[in-house]
Amino acid sequence: METKRCKFWLPNKNRFCANSPLNGSLFCGNHNSRSQGQWIQCPIDPSHSVLEQNLNWHVKRCPLLKQVQSLSLQPFYQKGINAGSDGEQQEEETSGVDDSSLSTMTVSSEMKRNALHRMSLPEFCNLIEKIESFHESLSKDIQDSFQMPEVCSLWIKSRVEERKLPFQEKHIMQQASILGNLENFGVLKNSLGRKPSKVPVEGEEDEYDVPAVIEFGAGRGYLTQMLADCCGIKRVFLVERKAYKLKADRSLRQNESLMLERLRIDIEDLDLNAVESLQGVPFLAIGKHLCGAATDLTLRCCLPEYRKDSGEQYTANNNFGGLAIATCCHHLCQWKHYTNKRFFLDLGMTKEDFHAITWFTSWAVDANHGSDLPDTADCRLHLQSIKEQGDGYANGVEKILCDMEAAKRAALGFKCKWIIDMGRLMWLKERGLDAKLVRYVPPSISPENHLLIARSSNCL
């Protein structure tokens, strides 16, 4: 007897839904038509919706409720401590606009695209010219730095021989290059099986002669695993809000000389000063592919400026030694969280321009990753043809974007990614850090190949 299946067609899977239909319906509960007015988003977990009349019952039993309550009771939890704000004082002074009413709003990719399509032709052309001009004036400030330390080569070889390599080659190349750039920049030293040099901190005790490592957005923790195995790290903190299977934790815990601690928390809510086991310990911050605003949240977490409860300014954690963050998914960046709003405002760009630039960045990863992607094509030539056609683009920006060549689209996306990361680089330098931005792997390995590196002024 043939089992009844839901009749909802899934185009991405090229088949019908495999769930069983509801009684008296051709569709399952997920795909059965329903009145939109009766359903509302769950206030605890917006990823699902509930019947309005069942809301009071549901919020007491939502599967995410217990997890949220558990996370919020952690001593290092302080909601929104690293979130930033649309209404930060220095930006208001520069722009003269109070955006505090939008401070809690997340701007989706669809909203960014729609706002871009509503731009007038002169506004769009002016934005592209700003992007091209600024990139041309400062593009020399990013260099290639593809690294493969000898210790990593030996580690990889031994793992291959033992068939214990849990990730693809492209991830190995990225992790090894992050480690190599940390070493070349003087944040880590003597990676060939010897202890890294001490990160000097005034008043530091001898027992902390090796810096701890905090991996933000750690996922399964494989970046930390390579770093711990190759550099003699003694303390590891993995910051990740999600639960993962097949983690590197089991392998790391087999090292009896290594202290490992997972902090199950969103970076936005993490107060590093309240992590008891990290107090007085010099640390390095690392992250591989910190998506969108997660990079900005991490920078604020490591280099805090304002306490949200008192408004008092305070300096960076005295135990901060350095960081290496591989940025990623710039299209997910949010104005509220972005660290260097003044950078964009000083360029004559608005919050709307920032959102448009973040939307352009998705074009950088749309192209063929099997070859080096373009970053030199000048879109101003395309603008000239637009102006020559005149009424041909009278209907708006959408047709302009559709007619743009793929190479120019990709080039514009890379330039916008670069501008966003340059703002972050300048923010680090303004805080007295020695910092630089490099391409740490070729685009053929990953088009998300920007690495922010910084070290404190007291790091030798």
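User: Helix 8, residues 222-231: mostly covered or not, and how many of its residues are buried?

Analyst: Mostly covered. This is a predicted model, and in it nine of the 10 residues of helix 8 are buried.

User: Which ones are buried in helix 8?

Analyst: Two cysteines are on the list, Cys230 and Cys231. The others are Tyr222, Leu223, Thr224, Gln225, Met226, Leu227 and Ala228.

User: What comes just after helix 8?

Analyst: Gly232, which takes a positive phi of about 70 degrees.

User: Which residues other than glycine have a positive phi?

Analyst: Asn14 and His289 are among them. Asn14 has a phi of about 55 degrees, and His289 has one of about 60 degrees. For background, most residues other than glycine have a negative phi.

User: Where do Asn14 and His289 sit?

Analyst: Asn14 is in the loop that links strand 1 (9-10) and strand 2 (15-16). His289 is within a strand, namely strand 9 (residues 283-291).

User: Is Asn14 buried or exposed? And what about His289?

Analyst: Asn14 counts as exposed, because its relative accessibility is 59%. His289 is partly exposed, with a relative accessible area of 21%.

User: OK, on to the sheet. How many strands form it, and in what order?

Analyst: Eight strands form an open sheet, ordered 5-11-12-10-9-6-7-8, with mixed pairing. Strand 5 (142-144) and strand 8 (259-263) are the edge strands, each pairing on one side only. From one strand to the next, the twist averages 20 degrees.

User: Start at the strand 5 edge. In what sense does strand 5 pair with strand 11?

Analyst: Strand 5 and strand 11 (residues 434-439) pair in the parallel sense, over three bridges. Asp144 has Arg439 in strand 11 as its bridge partner.

User: And strand 11 with strand 12, parallel or antiparallel?

Analyst: Antiparallel. Strand 11 is joined to strand 12 (residues 450-455) by six bridges. Ala435 stands opposite Ala454 of strand 12.

User: How many bridges between strand 6 and strand 7?

Analyst: Four. Strand 6 (residues 212-216) and strand 7 (residues 235-239) pair in the parallel sense. Opposite Glu215 you'll find Leu238 of strand 7.

User: Switching to cysteines. How many disulfides does a search of the whole structure find?

Analyst: Zero disulfides turn up. Take Cys291: the nearest cysteine sulfur is that of Cys329, 3.5 Å away, and Cys291 is in no disulfide. The cut-off is a sulfur pair within 2.5 Å. Cys302 is in no disulfide either, with the nearest cysteine sulfur, that of Cys301, 5.4 Å away.

User: How accessible are Cys291 and Cys302?

Analyst: Cys302 is buried, with a relative accessible area of 0%. Cys291 counts as partly exposed, because its relative accessibility is 37%.

User: Last topic, cavities. How many of 30 Å³ or more does the structure hold?

Analyst: Two. The second largest has about 30 Å³ of space in it.

User: Which residues line the second largest cavity?

Analyst: Cys329, which holds the cysteine sulfur nearest to that of Cys291, is one of the lining residues. The rest of the lining is His330, His331, Thr361, Ser362, Val365, Lys417 and Glu448.

User: What's the split by class for that lining?

Analyst: The lining of the second largest cavity has two nonpolar, four polar and two charged residues.

Key: Residues are numbered from 1 along each chain as its sequence is written. This is a predicted model: local features need pLDDT of at least 70, side-chain atom pairs count only at pLDDT 80 or more; totals for chains, interfaces and linings use all residues. Side-chain values use heavy atoms; hydrogens and water are left out. On a 1 Å grid over the protein atoms alone, a cavity is a set of points where a 1.4 Å probe fits but cannot get out, and a pocket is an open set with protein on both sides within 12 Å along at least five of seven lines; lining residues have an atom within 4 Å of a point. Grid points are joined across faces, edges and corners, and a volume is the space filled by probe spheres set on the points. Ala, Val, Leu, Ile, Met, Phe, Trp, Tyr, Cys and Pro count as nonpolar, Asp, Glu, Lys and Arg as charged, and the others, Gly among them, as polar. Buried means under 20% relative accessible area, exposed over 50%, partly exposed in between (1.4 Å probe, protein chains only). Two strands pair if DSSP finds at least two bridges between them. Axes are lines fitted to C-alpha atoms, for helices over the stretch in contact, and angles run from 0 to 180 degrees between N-to-C directions.
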